[in-house]
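Visitor: I keep hearing labels thrown around when people talk about protein structures. Could you walk me through one and show me where the labels come from?

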Amino acid sequence: MSIEQEALELLEWPRLSSHVASFTSTAAGRRGCVPLPLASCQADSETLQAETGELLALDGLTEGGLSFQGVADIATTVQLCAKGGTAAGEALLELATTLAAARRLRRQIDGPELRPVTTALVAELRTLPELEQRLHFCLEEGGRVADRASPALGGVRRQLAGARAERRERLQELLRRWAPMLQDTVIAERNGRPVLAFKVGAASQVAGLVHDSSASGSTVFLEPQAVIPLGNRIRDLEGQERELERQLLVELSALVGEQAESLQALQAVLLRLDLAIARARYSQWLGAVRPQLSADPLAPLSLVELRHPLLLWQQRHQQGREVVPVTLRVAAELRVVAITGPNTGGKTVTLKSVGLAALMARAGLFLPCQGTPQLPWCSQVLADIGDEQSLQQSLSTFSGHIRRIARILDALAPQKPPGPLVDATSDAHNTDSHNTDSTSGTSTNVTTAAAGTDAIAIALATAATAAGASGAAAPGAAPAAALVLLDEVGAGTDPTEGSALATALLQHLAERARLTIATTHYGELKALKYADPRFENASVAFDEQTLSPTYRLQWGIPGRSNALAIARRLGLAETVLRQAETQLEPLGEGDVNQVIAGLEQQRQRQQEAAEDAAALLARTELLHEELLLRWQQQKEQSAELQEQRRQQLELSIRSGQQEVRRIIRRLRQGEKAGEASNALGETARQAGQRLKTLQQQHRPASERREHRGWRPAVGERVRLLALGKAAEVLAISSDGSELTVRCGVMRSTVELAAIEGLAGEKPAPPPEPQVVVKGQRGLAARGAEVRTERNTVDVRGLRVHEAEAAVEEQLRAANGPLWVIHGIGTGKLKRGLRAWLETVPYVERVSDAERGDGGAGCSVVYLK
């Protein structure tokens, strides 16, 4: 097993792949997911990510999700037919249903604007409708060859059915005739032939062929001579039927073999689609988001609230504990992160979470994070996690770690051939492993300690040789796009030499790998950050009050192992613990732990202050919203009072206008002409004008709001409020009030107010059309704009040319608007007059009269 494959096993990638496989729809998809394939380059990973995202969106829009019903694994059938073999009818029928399902999927996926990657994937897909129709025509349900497939086959089957019916009738007749001699009145079958159950003494009285007898010997199963010729004929017809069916299956298999290349390509596309939809549904189940991959190996890494996907599965399917997320933000200049803290605090889970995140992004899966995850594309994910102690291979814990780390260094420099010192390492550690307890790994005698010291020297030489043989990295050279995960680096040996080896190893990996994350308990590794800017510290938090880890990752400060606190929680004798605490002071560990404890307390105080500030900010925002609400209520109350006063004034004005109209109507009904009547009408008109002016002055000004909202564009995705689903904007009307959208396979036209953005933004209304109003000159010289008998001409019943003459005569004498009554009727008279008036040079415009003056049956002609 290569070191890359071993890393996949350590990170439990096959287990995650089995989880993804549970979301597949076909047997071929389940096989293709175990293990889930990894892309060989970043471009392939980006393509897989795009496929996942596109099918995730389409699966949510499709009622019931994308269905792979009817898709079967046709690889074996196609391969058999391509080699000239004959496939069974059921296999050929599955191939036909697969072609139909592929055509349906292609139709659902097709959408170059919304799904360019998957549309390109299915664009060249050949679904072979002629072959599908031929197979469906020749095969019935269950794979049986249909009678219609061949006239000869249909004829043979009809003969066969007739012969069987005739034999059945003869047997029924014989049953009635020989009833006294029969042991049973049921037609049985032996060796594929119909037989009657005769009593043993009566069997000699009937001509026929004995096929069997009962176990007691009292019953003989005999085929009567009267039906033997029919049975022979049926056997012959059945042979002909089988031969004709075989010929048809050979013919159909040949047709499939001719299209073997297209069918194999179709099977590959369907498998890829099944894997993509499985990735999409698994990502949706995780609540994951699409990561942003960078081709630059020096790009920063940002994983906010990352949750371990296998622990999420355990939590939801096995009622496990709630998963605590971790956040990692690695700047571009960082190369090594040393994670410290107590045992069972979550250090190893953090390692596995980051490793799985890199593998998931490479395989086209989304990551269970918050925000947008950012990470460089990693061509290698190498890991040394767990205990490599092996009695079969004579390896101690330390020896197993060293051998695996040596293989990691070789993988980072693959041109270096394996060195002989690796074997020497294992040989030298045989003594150590035989003298080490297999459970605890602690030394049992002085000889073991000496052997362990020799082994450390050889291990140091091994690591140095592996590093030196591959060549030292050039200053400023970009590291490989590799992620290295080391658990308890340098553990299992003397602490002094183990920490020295771990320091040298991490400094070497800082030159070779993009990022190395190592867990450790060595205090010397915590100080590397202050000597090398490429190093950073992190720790898992520990609650000293409950004496239990919180599984939260703290960035920037080292952690304490808290071994004594954990031992006290587990019930170790207090006298032993006090003695251990006194032993820490000569070693200087107490001062270091006090510094770390001070940093943790300072960080805790800062976090509490930040939480208090956030709470204060929240209360301030609530108070601000309450003040705004009260101000708005007061504003609305003031506006309501003003509205009531305005409505009262409008009622008074409206009553005055009605009174003026009544006066004008009485004047029209009174004297036909006269200066007094004209003067009184002019007075009434002026009063009406003053009332209109008063109404305009007290009318509330239209509220003009400056809409700075969002406006949809062609190609953008919006949400239909009526359906609650996303749709694509295909076209927008000229005035912007209506949109043509496509939701799935449905196209429709909706109003602008019936949609919103995917983020909930409301559309701004379209701009109002600008209306240019020309001022009327010479208003004082014109007559009253009130219809009277003088400025009204009735042309109903006249022809168009007659009406033109009458209107023109009135226009020459008019000094204001002229009302032309033409009626509605067929509209011919109105259209003719309107067309003529447009050509009259001194006519400004023509419009329909008000409803009280005739509406559409009367036109008002305004002069220039």
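Visitor: What makes the crossing of α6 and α10 left-handed?

Guide: Remember as we go that this is a predicted model. A crossing gets called left-handed if the near helix is turned anticlockwise from the far one by less than a right angle. α6 passes α10 in just such a left-handed crossing. The two helices, residues 89-109 and 228-258, pack at an angle of about 40°, with their axes 11 Å apart.

Visitor: And why are α6 and α10 called oblique to each other?

Guide: Angles under 35 degrees would count as roughly parallel, and 65 to 115 as roughly perpendicular. The angle here is about 40°, and therefore α6 and α10 are oblique to each other.

Visitor: Which residues meet where α6 packs on α10?

Guide: From α6 you have G89, L92 and L95, and from α10 there are L249, L252, S253 and V256. Sorted by class, that contact has five nonpolar, two polar and no charged residues.

Visitor: Let's move on to a sheet. What makes β5 and β7 edge strands?

Guide: Look at the order, which is β5-β9-β6-β7 in an open sheet of four strands with mixed pairing. β5 (292-294) and β7 (326-330) each have a single partner strand, so one side of each is left without a neighbour in the sheet. From one strand to the next, the twist averages 20°.

Visitor: How do you know that β5 and β9 count as paired?

Guide: Two strands pair if there are at least two bridges between them. β5 and β9 (residues 370-376) have three bridges, in the parallel sense, so they pass. For one partnership, take S294, whose bridge partner in β9 is P376.

Visitor: What lies across those strands?

Guide: That's helix α13, residues 347-363. It lies across β5, β6, β7 and β9, and runs at about 115° to β6.

Visitor: Now a single residue. Why is R126 called partly exposed?

Guide: Buried means under 20% relative accessible area and exposed means over 50%. R126 has 45%, so it is partly exposed. You'll find R126 in the loop between α7 (116-123) and α8 (129-138).

Visitor: What does R126 touch, beyond its neighbours within four places in sequence?

Guide: R126 is in contact with Q259, S262 and L266. Q259 is 133 residues apart from R126 along the chain, yet their C-alpha atoms are separated by 9.8 Å.

Visitor: What makes strand β12 "mostly covered"?

Guide: Count its residues: seven of the seven in β12 (513-519) are buried. β12 also has partners, with four bridges joining β8 (residues 336-340) to β12 and five bridges joining β11 (residues 480-486) to β12. Both pairings run parallel. I517 in β12 is a handy spot to look at, as V337 stands opposite I517, and L485 stands opposite I517 too.

Visitor: Where is the cis peptide bond that involves P35?

Guide: It joins V34 and P35, with omega at about -10°. P35 is in the loop between α3 (27-32) and α4 (42-61).

Visitor: What is notable about the phi of E12?

Guide: Phi of E12 is near 65°, which is a positive value in a residue other than glycine. E12 is in the loop between α1 (3-10) and α2 (13-21). With a relative accessible area of 26%, E12 falls between the 20% and 50% cut-offs, so it is partly exposed.

Visitor: And why does N191 get called exposed?

Guide: N191 has a relative accessible area of 61%, and the bar for exposed is over 50%, so the label fits. N191 is in the turn of a hairpin that β1 and β2 form with two residues between them, and its phi is positive, about 55°.

Visitor: How do you know that β1 and β2 are paired?

Guide: Three bridges join β1 to β2, and at least two are needed, so they count as a pair. They run antiparallel, and the bridge partner of R190 is R193 in β2.

Visitor: Is β2 covered or exposed?

Guide: Mostly covered: six of the seven residues in β2 are buried. Four bridges also join β2 to β4 (residues 219-224), running antiparallel, and there L196 stands opposite L222 in β4.

Definitions and conventions. Residues numbered from 1 in each chain as written. Predicted model: local features only at pLDDT ≥ 70, side-chain atom pairs only at ≥ 80, totals over all residues. Heavy atoms only, no water. Axes fitted to C-alpha atoms, helices over the stretch in contact; angles between N-to-C directions. Parallel < 35°, antiparallel > 145°, perpendicular 65-115°, else oblique. Contact = heavy atoms within 4.5 Å. Nonpolar A, V, L, I, M, F, W, Y, C, P; charged D, E, K, R; others polar. Buried < 20%, exposed > 50% of the residue type's maximum accessible area, 1.4 Å probe, protein only.
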